[in-house]
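Trainee: I would like a close look at one helix and at what surrounds it. Please take it slowly and keep to what the model shows.

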Amino acid sequence: MIKIAVLVSGGGTNLQALIDAQKAGAFPNGEIVLVMASNQKAYALERAKNAGIESVVVSRKSFADPADYDRVVVETLQSRGIELVVLAGFLSILGKPVIDAYPGRILNIHPSLIPSFCGAGFYGLRVHQAALDYGVKVTGATVHLVNEIPDGGRILLQKAVDVLPDDTPETLQRRVMEQAEWKLLPQAVAMLCEQLEQEKKS
């Protein structure tokens, strides 16, 4: 059974999608055993508590040196035997030590069709505002592996979502979540858990 950690910064809607998928038996080869939040006020912590999942807060702001932050993140994950890390609306950038500790084992969901509207500075409503400003007719979400380039890792899954004429960043964000993010992320987690489980056996 692959032990999964979900890293969050805010409301945790993608975390909830993963918890619901887990309850529905979508991860036969994996289990979410830890939720790590980047701040004490993240509502995602409440979701973890309601689901009976251990949670911790590791805030980048608490560390003067980014290297210390990365070290504590790795130690926290490894002390729980974590094998797969899922970024679900996680707004801190992970440094090289974390990426090196989990090569090909860190997933992120981004609310656009990469390579559009991605990279440094593109997060939350900014992504959807950029899509509307540009006038695209189709946007969506992408699940990709994490490397040292923001949103630059190998793409695993993508799903397109139509942009409607009267969309605001908020309505578009909601539809991208419902139609793409909440479906893709559990799919990608299941896929990677199965792959990692097979690697263990071989």
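Which residues in helix H5 (residues 125–134) are buried?

Mentor: This is a predicted model, in which local features need pLDDT of at least 70 and side-chain atom pairs count only at pLDDT 80 or more, while totals for chains, interfaces and linings use all residues. Residues are numbered from 1 along each chain as its sequence is written, and side-chain values use heavy atoms, with hydrogens and water left out.

The buried residues in H5 are Val127, His128, Ala130 and Ala131. They lie on the same side of H5, because the arc they cover around the axis is only 155°. Helices (H or I, at least four residues) and strands (E, at least two) are DSSP runs, numbered from the N terminus; buried means under 20% relative accessible area, exposed over 50% and partly exposed in between, with a 1.4 Å probe and protein chains only. The arc is that of the directions from the helix axis to the C-beta atoms.

The cover over these buried residues includes strand S5 and helix H6 (169–201), where contact means heavy atoms within 4.5 Å. Take H6 to begin with. H5 and H6 pack at an angle of about 110°, their axes 9 Å apart. That makes H5 roughly perpendicular to H6 (under 35 degrees is roughly parallel, over 145 roughly antiparallel, 65 to 115 roughly perpendicular, the rest oblique). Axes are lines fitted to C-alpha atoms, for helices over the stretch in contact, and angles run from 0 to 180 degrees between N-to-C directions. The crossing of the two helices, H5 and H6, is right-handed, that is, the near helix is turned clockwise from the far one by less than a right angle, anticlockwise being left-handed. From H5, Leu125, His128, Gln129, Ala131 and Leu132 take part, and they meet Pro169, Glu170, Leu172, Gln173 and Val176 in H6. His128 and Ala131 are thus among the residues that meet H6 and also among the buried ones.

At the end of the helix, Gly135 comes just after H5 and has a positive phi of about 85°. Ahead of the helix is the loop between S5 and H5, which holds Pro115 and Phe117. Most residues other than glycine have a negative phi, and most peptide bonds are trans. The bond from Ile114 to Pro115 is cis, with omega near 20°. Phe117 is not a glycine, yet its phi is positive, about 50°. Phe117 is also buried, at a relative accessible area of 15%.

S5, the other element named in the cover, belongs to a sheet. The sheet is open and mixed, with 7 strands in the order S3-S2-S1-S4-S5-S6-S7. Strand S3 (54–57) and strand S7 (155–162) are at the edges with a single partner strand each, so one side of each has no neighbour in the sheet. From one strand to the next, the twist averages 20°. Strands S4 (residues 84–87) and S5 (residues 106–110) pair in the parallel sense over 3 bridges, pairing being at least two bridges found by DSSP. Val85 has Ile106 in S5 as its bridge partner. Helix H1 (residues 13–23) also packs on this sheet, touching strand S1 (2–8), strand S2 (30–37), S4 and S5, and its direction makes about 160° with that of S2.
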